[in-house]
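Visitor: I'm new to this one, and I'd like a close look at a single part of it. Could you pick a helix and walk me through it?

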Amino acid sequence: MIYRTVNILVFIISVLLAMYGLQAFDSERFLRKGRISQFYVFYIIASVALGYLFAQFILNFGTLSFY
């Protein structure tokens with residue numbers, strides 16, 4: 001039960017960090033007029049994908065045993 005809770009928290013924090021990190025890019029130069037909703041869909045998908053990869057890295061790194 002605790003393992004699942006930690007996994008969910010790590011995934012949520014990772015997605016939030018990915019969203020925070022993606023805000024550093026100046027995306028307004030790449031947007032066309034009237035395409036803001038499509039950009040938000042891309043932004044959410046990219047944030048979830050980056051967050052998932054980062055969370056997997058953190059969780060796998062935490063379970064490594066160094067011999």
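Guide: Let's start at the largest pocket, where helix H2 gives the most to the lining, with five residues. Keep in mind as we go that this is a predicted model. The space in that largest pocket comes to about 250 Å³. Its lining is made up of Leu22, Gln23, Phe25, Ser27, Phe30, Ile36, Phe39, Tyr40, Phe42 and Tyr43.

Now follow H2 itself. The helix runs over residues 36-62, which makes 27 residues, and from its first C-alpha to its last it reaches 38 Å. That is close to the 39 Å you'd expect at 1.5 Å a residue.

So what does H2 tuck away? Its buried residues are Phe39, Tyr43, Ala46, Ser47, Gly51, Ala55 and Leu59. You've already met two of those names, since Phe39 and Tyr43 also turn up in the pocket lining. The buried residues of H2 pack against helix H1, residues 2-22.

To see that packing from the other side, hop over to Ser14, which sits in H1. Ser14 has a relative accessible area of 4%, so it counts as buried, the cut-off being under 20%. Leaving aside residues up to four places away in sequence, Ser14 touches Gly51, Phe54 and Ala55. Gly51 and Ala55 are on the list of buried H2 residues, too.

Back on H2, have a look at Leu50. With a relative accessible area of 44%, Leu50 is partly exposed. Setting aside residues up to four places away in sequence again, Leu50 touches Ala18 and Leu22. Leu22 is another name from the pocket lining. For a feel of distance, try going from Leu50 to Thr63: they are 13 residues apart in sequence, and their C-alphas are 20 Å apart in space.

Finally, step back and see how H2 fits into the whole. The protein chain has two helices and zero strands. Its radius of gyration is 16 Å, well over the 11 Å that the globule rule gives for 67 residues, so the chain is more spread out than a compact globule. Along its principal axes, the C-alpha trace spans about 55 × 25 × 15 Å. Buried residues make up 21% of the 67 residues in the chain. As for the surface, the chain exposes about 6000 Å², and carbon and sulfur atoms supply 71% of that.

Notes: Residues are numbered from 1 along each chain as its sequence is written. This is a predicted model: local features need pLDDT of at least 70, side-chain atom pairs count only at pLDDT 80 or more; totals for chains, interfaces and linings use all residues. Side-chain values use heavy atoms; hydrogens and water are left out. Helices (H or I, at least four residues) and strands (E, at least two) are DSSP runs, numbered from the N terminus. The expected span of a helix is 1.5 Å times one less than its number of residues. Buried means under 20% relative accessible area, exposed over 50%, partly exposed in between (1.4 Å probe, protein chains only). Contact means heavy atoms within 4.5 Å. The radius of gyration is taken over C-alpha atoms; the globule rule is 2.2 Å times the number of residues to the power 0.38. Accessible areas come from the Shrake-Rupley method with a 1.4 Å probe; for residues, only the protein chains shown count as cover. On a 1 Å grid over the protein atoms alone, a cavity is a set of points where a 1.4 Å probe fits but cannot get out, and a pocket is an open set with protein on both sides within 12 Å along at least five of seven lines; lining residues have an atom within 4 Å of a point. Grid points are joined across faces, edges and corners, and a volume is the space filled by probe spheres set on the points.
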